[in-house]
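Here are my notes for someone opening this model for the first time. Have it on screen and go through the points in order.

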Amino acid sequence: MPKTGSIADPIQSLINEFSKLPTVGPKTAARLVFYILNRPRNEAQSLSEAILAVKDKVRFCTVCFSLTEAEPCDLCTDERRDATIICVVAEAKDIYAIERTGAFKGRYHVLGGLISPMDGIGAAQLRVKELIERIGAEDPTEIILATNPNAEGEATALYLSRLLLPLGTAVSRLAYGLPIGGDLDYADEVTLAKALEGRRAL
């Protein structure tokens, strides 16, 4: 016997879709759905159109592999940025985090992930070859390795540093340590050790 329709079916369907998003559980998904239900129809339509526009118009830059509508991206074509420094990140979202600081004015290169043998991801699956080709073509003076301070990020940074140093380009790594305003007695051992390792002269 075919299942009869229910007014709740579209609600449950949308909850299921929201639940597929990272860090969104069923409760958060339900809150989002009921929020949308209480908003005017034009707002829901604007949301759906924005999602489709992202899928239809946004692509990877062929130079740095960031996300862009233009080709190459604005970061690669901005002549005010320092082309002699390339900051290597794992994902395009990392660029947005760095750009929010306003502290970096160079160029970027997105690897598309991190080395993770447990997940079957090696250097061959990342955009390492493209990075080597960029270094040969653009001859930067410094490569900044801005991968995450976890096991995968460290493994990727170590691999890249061993690969890049023989090319004669300076290679640096983001420093980690104590947060501004933090207390030493609240810092964990790893953070404190990294702060000691990354100390600088005054």
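**Notes on the sheet, the helices and the pocket**

1. Let's start with a pair of strands: strand 5 and strand 6 run parallel and are joined over four bridges. (Two strands pair if DSSP finds at least two bridges between them; strands are DSSP runs of E with at least two residues, helices are runs of H or I with at least four, and both are numbered from the N terminus.) One bridge in this pair links E142 to A170 in strand 6.

2. Before going on, a word on where this comes from. This is a predicted model, where local features need pLDDT of at least 70, side-chain atom pairs count only at pLDDT 80 or more, and totals for chains, interfaces and linings use all residues. Residues are numbered from 1 along each chain as its sequence is written, and side-chain values use heavy atoms, with hydrogens and water left out.

3. Now the whole sheet. It is open, has four strands in the order 4-3-5-6, and its pairing is parallel. Strand 4 (106-110) and strand 6 (170-173) are at the edges with a single partner strand each, so one side of each has no neighbour in the sheet. On average, neighbouring strands are turned by 25° against each other, direction ignored.

4. The other two pairings involve strand 3. Strand 3 (residues 82-89) pairs with strand 4 in the parallel sense over five bridges, and V88 sits opposite H109 in strand 4. With strand 5, strand 3 pairs over four bridges, again in the parallel sense; here C87 stands opposite I144.

5. Which strands does helix 5 touch? Helix 5 (residues 92-101) packs on the sheet against strand 3 and strand 4, and its direction makes about 155° with that of strand 4. (Contact means heavy atoms within 4.5 Å; axes are lines fitted to C-alpha atoms, for helices over the stretch in contact, and angles run from 0 to 180 degrees between N-to-C directions.) Helix 6 (residues 128-138) lies across strand 3, strand 4 and strand 5 (142-145), at about 150° to strand 4.

6. Helix 6 also packs with helix 7 (residues 151-164), at an angle of about 35° and with the axes 12 Å apart. V128, L131, I132 and I135 of helix 6 meet Y159, L160, L163 and L164 of helix 7. By class, that contact has eight nonpolar, no polar and no charged residues. (Ala, Val, Leu, Ile, Met, Phe, Trp, Tyr, Cys and Pro count as nonpolar, Asp, Glu, Lys and Arg as charged, and the others, Gly among them, as polar.)

7. Next, the largest pocket, which holds about 230 Å³ of space. (On a 1 Å grid over the protein atoms alone, a pocket is an open set of points where a 1.4 Å probe fits, with protein on both sides within 12 Å along at least five of seven lines; lining residues have an atom within 4 Å of a point. The volume is the space filled by probe spheres set on the points, which are joined across faces, edges and corners.) Its lining includes L14, F18, I36 and L47. Helix 3 gives the most, with five residues, and helix 1 (9-19) supplies at least two. The lining has eight nonpolar, one polar and one charged residues.

8. Last, two backbone details. The peptide bond from E71 to P72 is cis, with omega near -5°, and P72 lies in the loop between strand 2 (67-68) and helix 4 (74-77). T23 has a positive phi of about 65° although it is not a glycine; T23 is in the loop between helix 1 and helix 2 (26-37).
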